[in-house]
Amino acid sequence: WSQWLGVKHSLFVSSGSTANLLLVAAIKEKYNLKDGDKVIVPCMTWVTNISPVFQMGLQPIFCDIDKKTFSFNLTHLKKLNKEHPDIKAVFVSHLFGISADIDLYKEILQNAIFIEDVCESHGATYKGKKCGTLSEGSTFSFYFGHHMTTVEGGFVCTNDDELFNENET
């Protein structure tokens, strides 16, 4: 999987939900995020992207979506950045095989940590790179309703040795 995706590390887990929880937990640990720190999430996503934010004591900040890409609405994202200058992380979902414009989001939220959920976009690319390689870490799900399935299971993926080792503890 790592070779196909183009990352150094992939950890196979029981589900995409578990992958999301482990990634958020590892990000919180590595970057010493505190309870109540803010994480931007899209308003159109799965509960399994929001639940780990709550479970880890972080505060989700919901961003409206663009109706064409199903990813963040840029006007609302800019507004949230002004209203919440203390955003610590952004959880990007690549929905329905459509890659999110993550470089533009990084320009808007220059000090935030970015992570990706790619459960519905296996193999999707963004500027010649596979989704799941564009941030600190990414998650994949192989639930039977997704594009690629093993009936169950998921992956946490990263190029960051320290972040990967946070998942192992």
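Let me begin with one pair of residues, A89 and I113, which stand opposite each other, with I113 belonging to strand β5. What we are looking at is a predicted model, and I would like to walk outward from that pair.

The strand that pairs with β5 here is β4, residues 87-93, and the two run parallel, joined by five bridges. To get from β4 to β5 the chain passes through helix α5, residues 102-108, and this β-α-β crossover is right-handed. On another pairing, β5 is joined by three bridges to strand β8, residues 137-141, again in the parallel sense, and there I115 has G137 as its bridge partner.

How many of the residues of β5 are buried? Strand β5 covers residues 113-117, and five of its five residues are buried. As a general point, side chains in a regular strand alternate between the two faces of the sheet. In β5, I113, I115 and D117 lie on one side while F114 and E116 lie on the other, and both faces are covered.

Now let us turn to strand β2, residues 38-42, which is largely enclosed by the rest of the structure, because five of its five residues are buried. Here K38, I40 and P42 point one way, whereas V39 and V41 point the other way. Strand β2 pairs with β3 in the parallel sense over five bridges, and the chain travels from β2 to β3 through helix α3, residues 47-55, in a β-α-β crossover that is right-handed. Strand β2 is also joined to β4 by three bridges, and these two run parallel; in that pairing V39 has A89 as its bridge partner, which brings us back to the residue we started from.

Which residues line the largest cavity? They are V24, I27, V39, V53, L58, A89 and I115, so that list includes three residues I have already named. This lining divides into seven nonpolar residues, with no polar and no charged ones, and the space in the largest cavity is about 40 Å³.

Finally, consider F62, which lies in strand β3, residues 59-63. Is F62 buried, partly exposed or exposed? Its relative accessibility is 41%, and therefore F62 counts as partly exposed. Leaving aside neighbours within four places in sequence, F62 is in contact with V41, P42, C43, I50, H76 and L80. One of these, C43, is 19 residues away along the chain, yet the C-alpha atoms of F62 and C43 are separated by 5.3 Å.

Terms used
Residues are numbered from 1 along each chain as its sequence is written. This is a predicted model: local features need pLDDT of at least 70, side-chain atom pairs count only at pLDDT 80 or more; totals for chains, interfaces and linings use all residues. Side-chain values use heavy atoms; hydrogens and water are left out. Buried means under 20% relative accessible area, exposed over 50%, partly exposed in between (1.4 Å probe, protein chains only). Helices (H or I, at least four residues) and strands (E, at least two) are DSSP runs, numbered from the N terminus. Two strands pair if DSSP finds at least two bridges between them. A crossover is right-handed if, with the strands pointing away from the viewer, the path from the first strand over the helix to the second runs clockwise. On a 1 Å grid over the protein atoms alone, a cavity is a set of points where a 1.4 Å probe fits but cannot get out, and a pocket is an open set with protein on both sides within 12 Å along at least five of seven lines; lining residues have an atom within 4 Å of a point. Grid points are joined across faces, edges and corners, and a volume is the space filled by probe spheres set on the points. Ala, Val, Leu, Ile, Met, Phe, Trp, Tyr, Cys and Pro count as nonpolar, Asp, Glu, Lys and Arg as charged, and the others, Gly among them, as polar. Contact means heavy atoms within 4.5 Å.
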